[in-house]
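Reader: I should like to learn how the features of a structure are read, one at a time. Could we begin with the metal site and then move outward?

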Amino acid sequence: MRNVQRILNSILSKNVFEYILIDRDANVGDFSLEATHLLGEKLVHGESIFDVLPELVGSEDVIEEIFNRGKQSYAIKTVEKNGRFLNIYLDYFDSEKLLILLQDITEVTEIRRKIMQVSNQTTLLSNTLQSIVDSQKAIIFLVDSNGKIVFANKRFHEYFDTDDSPELRQELLHTLLDEHRDFHALHKSVRKGKDELRIGQDVFSIESVYVDPVNILFTLTPITDLVRKKEALQNEIRHDPLTGVLRKQSFDEELRKRLLSKRPFALVVTDIDNFKQINDRYGHVIGDKALIQFTEVIRKRLRDDETIARWGGEEFLLLLECATPEEAIDKCETIRRDLEQYRFEAGLHITASFGVSCPHEGDDAATLVERADKALYQAKSSGKNRVVFLN
Amino acid sequence: MIRKKILLLGDFHVGKTSLIRRYVDNAFSDDYLTTIGVKISKKQITLHDREYELLIWDIEGATPTKKIPTHYFAGAAGAIVVGDLTREETLTSLPEHLQSFHSVNRGKPWVFAYNKVDLLPVEQRKRLQLPEWSFATSAKEDLNVDTLFTTLLERIVS
Ligand SMILES: Nc1nc2c(ncn2[C@@H]2O[C@H](COP(=O)(O)OP(=O)(O)O)[C@@H](O)[C@H]2O)c(=O)[nH]1
Ligand SMILES: [Mg+2]
């Protein structure tokens, strides 16, 4: 009776079912007329149900059980058939018959299919985008309006070695943000042109952009190698390739900075005595070696904040820290003696002359160098191997 | 004529519907139409002088949140488990699909289809190493599709 009720209920609720009754041998008995239309197959009394509803092949055990137990129902939902969508229900009818109910759900299923289609395609697209983003060498992450990282690519997790623990995230924020208050401040500073970020030994070029009104996308491209190369190159440009001391141009920069600082210091011009003869007599290889050794001897006496540069052939410039001129003169005297006692390449004895001067009020770099040069000239013309101070 | 119910299982968009279409109608389309629910296709085949009718179940692809009702597996004689060679995650889920098939049909035969092999560069195709009972297939270029179904039937009747 329950099943008759079900047919009735369905019809009353306009939820239309068609029905087929089958016997214990799974042969077709009574059926509603519309069932034929729904299935697109002609139903014939006494014919096997498996011929018209191959969906039930494999369900033989289920059918037998429904007969034997007298209850239990079974359903195959959303079956595409004959261009329509059906739900197929199997129900106990009586001890001789089993009721198959067919429910047409085409309309609602077509809507569901459309939704699934969009959702599947979206999933595929986002999977594709994800793998593109993951394949990048750059660290990429998205920050929302609350300053929270809401997305990060594979490289991000590899680099920061993150699981998702809050402590780690906090620590990471400090590293990333550096001196900035939050990601918005970082974004602003990037926009103002601060496009490099250092994390430990690594250097990144950083870009940030609002991808929509609330989310900022940060991209950190590793440029450590590039920066290292650039630094090495700059170093090369600033230094004399033979002796490794500063070049004149870089020294001039240092000197100008030093003049602005207003603290006392001394500028020294020094020149190896009779260097031309050494070159002529022993050749350039020995001469070059002597130049290198010459700077080594001087550098031993220099503090870290003192500077030596090569001006030309055998002429060098020194910036010495000193409270009084005497201190500088003493230091030059010490160096002069060091050189005098040093055994140079090929057992050579080499001496040098020194011109010392200290900046006066209103001196610029050129005046100061000129005065020291004049002092050197005096040292040379009064017999060489000596230190002369000009005030 | 002996009827055999066989299943095509695998994630969505791996080419289940396309493999069936190639096998049954010898046709292929590049368009993608999401399968909803189930659709049964019939194919008659003669093997060792016997006639079989395969009832091939194309089932809506599973997603992590959506599992196939396992009672659909009931009475199946075998399964073809399909993965998409261009989407790693669909290959890693192959064993899962096989396992849920076996949870209902213990010990029943199966074959794996590593589909869309036509999309792989020739170099990668050569280097492919597949587990036992696996075939690199293409519904698009009709590679190994017949073999796939026939091998399964061979395993079923042997
Ligand atoms: N290139 C290529 N594309 C395929 C192949 N098989 C299926 N496709 C495409 O992959 C998409 C999904 O196929 P479909 O059969 O609907 O996958 P299903 O969700 O597993 O049924 C469709 O756009 C098909 O055209 C194949 O062997 N090669
Ligand atoms: Mg499909």
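**Reading the model**

Author: The magnesium ion (ligand 2) has as its protein donors T17(B), through OG1, and T35(B), also through OG1, lying 2.0 Å from it. Donors here are N, O and S atoms within 2.8 Å of the metal (3.2 Å for Na, K and Ca), and because water is not among the atoms, sites may look incomplete. This is a predicted model, in which local features need pLDDT of at least 70 and side-chain atom pairs count only at pLDDT 80 or more, while totals for chains, interfaces and linings use all residues. Residues are numbered from 1 along each chain as its sequence is written, chains are lettered from A and ligands numbered from 1 in the order in which they are written, and side-chain values use heavy atoms, with hydrogens and water left out.

Reader: Where in chain B do T17(B) and T35(B) lie?

Author: Elements are assigned as DSSP runs, with helices (H or I) of at least four residues and strands (E) of at least two, numbered from the N terminus. T17(B) belongs to helix α1 of chain B, whereas T35(B) sits in the loop between α1 and β2 (38-47) of chain B, so the pair ties together parts that are 18 residues apart in sequence.

Reader: Are these residues, T17(B) and T35(B), buried or exposed?

Author: Buried means under 20% relative accessible area, exposed means over 50%, and partly exposed lies in between, with a 1.4 Å probe and protein chains only. T17(B) is partly exposed, with a relative accessible area of 35%, and T35(B) is buried, with a relative accessible area of 15%.

Reader: At what angle does helix α1 of chain B pack against helix α5 of chain B?

Author: For packing, axes are lines fitted to C-alpha atoms, for helices over the stretch in contact, and angles run from 0 to 180 degrees between N-to-C directions. Helix α1 (residues 16-25) and helix α5 (residues 145-157) of chain B pack at about 90°, and their axes are 9 Å apart. That makes α1(B) roughly perpendicular to α5(B), since angles under 35 degrees count as roughly parallel, over 145 as roughly antiparallel, 65 to 115 as roughly perpendicular and the rest as oblique.

Reader: Which residues meet there, in α1(B) and α5(B)?

Author: Contact means heavy atoms within 4.5 Å. From α1(B), L19(B), I20(B), R22(B) and Y23(B) meet V145(B), D146(B), L148(B) and F149(B) of α5(B). The residues of this contact divide into 6 nonpolar, no polar and 2 charged, where Ala, Val, Leu, Ile, Met, Phe, Trp, Tyr, Cys and Pro count as nonpolar, Asp, Glu, Lys and Arg as charged, and the others, Gly among them, as polar.

Reader: How should the strand pairing of β3(B) be read, and how many bridges join β1 of chain B to it?

Author: Two strands pair if DSSP finds at least two bridges between them. Strand β1 (residues 2-9) of chain B runs parallel to β3(B) and is joined to it by 7 bridges, with R3(B) having E53(B) as its bridge partner. β2(B) and β3(B), by contrast, pair in the antiparallel sense over 10 bridges, and K42(B) has L55(B) as its bridge partner in β3(B). The hairpin of β2(B) and β3(B) has 2 residues between the strands, and H48(B) there takes a positive phi near 50°. Strand β3 (residues 50-59) of chain B is mostly covered, as 8 of its 10 residues are buried.

Reader: In what order do the strands of the open sheet in chain A come?

Author: The order of its 5 strands is β7-β6-β10-β9-β8 (chain A), and the pairing is antiparallel. β7 (149-152) and β8 (196-199) of chain A stand at the edges, each with a single partner strand, so one side of each is left without a neighbour in the sheet. Neighbouring strands of this sheet are turned by 30° against each other on average, direction ignored.

Reader: What does the hairpin of β6(A) and β7(A) look like in detail?

Author: Strand β6 (residues 139-143) of chain A pairs with β7(A) in the antiparallel sense over 3 bridges. L142(A) has F151(A) as its bridge partner in β7(A), and V143(A) stands opposite I149(A). The hairpin has 5 residues between its strands, and G147(A) in the turn has a positive phi of about 80°.

Reader: Which helix lies across β6, β7, β9 and β10 of chain A?

Author: Helix α8 (residues 183-191) of chain A lies across them, running at about 100° to β9(A).
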